[in-house]
Amino acid sequence: MAIELAVIGGTGVYALGELTDVETRRPETRYGAPSGPIRVGQIDGKRVAFLARHGEGHALPPHKINYRANLAALKAVGATRVLALNTVGGITERFGPRVLACPDQLIDYTWGRISTLCEDGGEVLHVDFGEPYTPALRAQVIVAARRAGVALVDGGCYGATQGPRLETRAEIARLRRDGCDLVGMTGMPEAGLARELGLDYACLAIVANWAAGAGPDADEVITLQDVLDNVTAAMGDVAKVVQALLAD
Ligand code: HPA
């Protein structure tokens, strides 16, 4: 049976509780090993693959993730469409803590990461990336959320920063001027590599905190506990969206 959907879990999402009949796959790829095992199982009779982006024990910081191996491994187990869960900070008003969003644009501020498959004498690819997330899959995510009765912001621009430290207030002010609504550390190179690999790819962003200086309390300190609490609180709705997406 084909894999209907691959889900990549971000910070605070290390398993999909709804998966049943789970088998574990550990494909090696030409890019090396993925962040951890791929769990392949069923949700409502549909086959779903799950990979924890940071490893199941969150051992890998954003700049150490082997994004190429992760996506190549999901493709190797038969995935063609990928829903990336990304824990993010909110910058603009509509994107406060606990909001779910399906961004439609991104800006890449990361550096020093291997961001392409075009290396070592292989074919040179210049993939179109004007729409960095697959429009058809985004549309399905939005319909799924509506059907599931889950509030989801349609659109927004994701700024991908290097991390692992959080940003300064000046950096967030700059991202806001650039047009970013959300900030996270793992959106790139993942989205670009998915395009190079020919995978459909959309982001379901879970806003865990106001980015530095962006919220009503400009002096607020962001704690990992707040981030994790807000992700945990959002997971019920995330699962509903995934289930509705599979019901298509
Ligand atoms: N900045 C960057 N990445 C994040 C944040 C943030 O504020 N919150 C969760 N991931």
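Where does the ligand sit? In this predicted model, the ligand is found in the largest pocket. Two strands, β5 (81-90) and β10 (182-184), are the elements that give two or more residues to the shell around it. Of these, β5 gives the most, with three residues.

As for who is in that shell, the ligand is surrounded by T87, V88, G89, L166, E167, V183, G184, M185, N209 and A211. Sorted by character, the shell comes out as five nonpolar residues, four polar ones and one charged.

Nitrogen atoms of the ligand turn up in several polar contacts. One contact runs to the side chain of N209, where an N or O atom is 2.6 Å from a ligand nitrogen. Another goes to E167, with a side-chain N or O atom 2.7 Å from a nitrogen of the ligand. With T87 the partner is a polar backbone atom, 3.3 Å from a ligand nitrogen. On its own the ligand has 260 Å² of accessible area, and the protein covers 93% of that.

Then there is the matter of enclosed space. The structure holds one cavity of 30 Å³ or more, and the largest cavity has a volume of about 40 Å³. Its lining is made up of W210, A211, A212, G213, A214, G215, D217, A218, E220 and I222. By class, that lining splits into six nonpolar, two polar and two charged residues. A211 ties the two sites together on paper: this residue belongs to the lining of the largest cavity and is also listed among the residues around the ligand.

Terms used: Residues numbered from 1 in each chain as written. Predicted model: local features only at pLDDT ≥ 70, side-chain atom pairs only at ≥ 80, totals over all residues. Heavy atoms only, no water. 1 Å grid on protein atoms, 1.4 Å probe; cavity = no way out; pocket = protein on both sides within 12 Å on 5 of 7 lines; lining within 4 Å. Points joined across faces, edges and corners; volume = space filled by probe spheres on them. Nonpolar A, V, L, I, M, F, W, Y, C, P; charged D, E, K, R; others polar. Near = heavy atom within 4 Å. Polar contact = N/O pair within 3.5 Å; in protein donor to acceptor, adjacent residues only side chain to side chain. Areas by Shrake-Rupley, 256 points an atom, 1.4 Å probe, with all protein chains shown as cover. Sits in = over half its atoms within 2 Å of the grid points. Helix = DSSP H or I, 4+ residues; strand = E, 2+ residues; numbered from the N terminus.
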